[in-house]
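Reader: I have a model open and would like to learn how to read it. Can you take me through it one feature at a time?

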Number of protein chains: 2
Amino acid sequence: MDRTTTTGNNPRRPDLSRDNLVDAAIGLIDRDGAGALSIRALADAVGVTPMALYNHFSSKRDLIAAVGERLIRSTQFDGGHGDWREQLRYCFGALRHLCLRHPGLPDLLKLDGVVPEAAYAPMDVTKKALQAQGMSELDSVRTFFLLTGYTLSQAAFQSHPTPALAPTEKVRRERISGRGHGPVDRRDPPPEWDFDASFSFGLGIILEGIEGRIRAR
Amino acid sequence: MDRTTTTGNNPRRPDLSRDNLVDAAIGLIDRDGAGALSIRALADAVGVTPMALYNHFSSKRDLIAAVGERLIRSTQFDGGHGDWREQLRYCFGALRHLCLRHPGLPDLLKLDGVVPEAAYAPMDVTKKALQAQGMSELDSVRTFFLLTGYTLSQAAFQSHPTPALAPTEKVRRERISGRGHGPVDRRDPPPEWDFDASFSFGLGIILEGIEGRIRAR
DNA sequence: ACCTGAACACCGTTCAAGT
DNA sequence: ACCTGAACACCGTTCAAGT
């Protein structure tokens, strides 16, 4: 009765469909990051030829948008039942935790600036909460972009420990920087950096600024 | 006397060096975006073999970091001579305009989370301005990340008009979405969107939030 | 010290062909 | 309607060799 048959000697070969392919794609990025999502790797994962995917997605962009769509649609953003502050904390806390659960997500969305239509769920929460306080629609949309930009950038920052240098790169780096060029090191947050507290602090500042704007109406 | 000789029939072949290569790399990203910066394209642009670049950069990451380093170092961030509000407006206005002048820059920095050391110039401006108002060092660093995340995300958003679909992709999209799958369109800001005003609005909210935090000390 | 050339293991996508 | 196979024009990087 289950039509998910195993053809040939391929371990699992589900029916190809948008839903199944998006499932597999999320598996790839969760295991190995946004860079691991390629048409070829996905085709390999489901036991099919790369070109077969183009019957279900018009391009890699389309695939990425579908992944973002699925992930965002699987999240509830309007769970706060307090005042507007609590609603926004809930909404962007949910967005942040979604990004932390799927560390490849911010990179994926940043790739080519893909913004899935589902992103308008958190936008609607924001607009509703702020317009109820007398803020104009334009300003509430602007505030949405502020909150989203902050949340995504912080989540991306947290999810990106500086990758270790390849051994050959280390050797080249020593050779190059030993000849008059300054070091090109990057600095990371100290290991004891509290990302939760830091995010909460920034969000608090934004909410306080919003409150001032609302009071001044 | 000028040692920038033209060898062979290559139009211009400057001496290879970090500085000259970074110059050429900036030329590439300014003309065709962050995606146009590849080891091979850069080698081609300066008339040399790809592998020659590895005598001057240890990896593509190293090259990207050097580009970011140069661009950020070429900018003045501490030009505001008013109160802390004006100093921060100047600092992050400068960062924003740098990103708009080099639309590939935010993408480049986002790539692998490269943060050039030079980014600590705007951080120092922020710390100095806020600690003078009694804010702790930790909170001023957190505020720096808030301001930077917001500024970069807005600039990236502004620099990324949705690219036109390739003709073949349009055909595939019609075929796919004509069969039960919902459309996977993306929405852009309306064409009359005022990015300057929107950025200024968000920055104002952040500054207002900071002021509240300062007053509550 | 610096550069070349061939090779490896990848990409997204096109095109023509199969069923 | 859906999938394959070969090909194209790309990637970053390794390795061995030249001068």
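Reader: Which residues do ring pairs link into a cluster?

Author: Start with the ground rules. This is a predicted model, where local features need pLDDT of at least 70, side-chain atom pairs count only at pLDDT 80 or more, and totals for chains, interfaces and linings use all residues. Residues are numbered from 1 along each chain as its sequence is written, chains are lettered from A and ligands numbered from 1 in the order in which they are written, and side-chain values use heavy atoms, with hydrogens and water left out. Now the rings. Rings of Phe, Tyr and Trp (its six-membered ring) pair if their centres lie within 6.5 Å; planes under 30 degrees apart count as stacked, over 60 as edge-to-face and the rest as tilted. Here the cluster joins Phe92(A), Phe144(A), Phe145(A), Phe157(B), Trp193(B) and Phe195(B).

Reader: How many aromatic pairs does the structure hold over all chains?

Author: There are 12 over all chains. Take Phe92(A) and Phe144(A): their centres are 6.5 Å apart and their planes 45 degrees, a tilted pair. Phe92(A) sits in helix H4 (residues 84-101) of chain A and Phe144(A) in helix H7 (residues 137-159) of chain A, 52 residues apart. Helices (H or I, at least four residues) and strands (E, at least two) are DSSP runs, numbered from the N terminus.

Reader: Is Phe92(A) buried or exposed?

Author: Buried means under 20% relative accessible area, exposed over 50%, partly exposed in between (1.4 Å probe, protein chains only). Phe92(A) has 0% relative accessibility, so Phe92(A) counts as buried. Phe144(A) is buried too, at 6%. Now look at Phe157(A) and Phe195(A). Their ring centres are 6.3 Å apart and their planes at 75 degrees, so this pair is edge-to-face. Phe157(A) has a relative accessible area of 24%, so Phe157(A) is partly exposed. Phe195(A), with 22%, is partly exposed.

Reader: Which residues have the most contacts inside the largest nonpolar core?

Author: The general idea is that in soluble globular proteins, nonpolar side chains tend to be buried together. A nonpolar core is a set of buried Ala, Val, Leu, Ile, Met, Phe, Trp, Tyr and Cys residues joined through side-chain atoms within 4.5 Å. The largest one here has 123 residues, and the leaders in contacts are Val67(A), Leu88(A), Ile210(A), Val67(B), Leu88(B) and Ile210(B). Contact means heavy atoms within 4.5 Å. Leaving aside neighbours within four places in sequence, the contacts of Leu88(B) include Gly93(B), Leu147(B) and Ile210(B).

Reader: Where is His56(B) found?

Author: Look in the loop between helix H2 (39-45) and helix H3 (60-73) of chain B. His56(B) has a relative accessible area of 18%, so His56(B) is buried. Beyond its neighbours within four places in sequence, the contacts of His56(B) include Ile176(A), Leu16(B) and Asp62(B).

Reader: What rotation superposes chain B on chain A?

Author: Two copies of a chain are related by a rotation about an axis and a shift along it. Copies are superposed by least squares on the C-alpha atoms of residues with pLDDT of at least 70 in both. Here the rotation is 180 degrees, with 0.0 Å of shift along its axis and an RMSD of 0.0 Å. That is the relation of a two-fold axis. In chain B, Gly209(B) comes closest to the rotation axis, at 1.9 Å (C-alpha).
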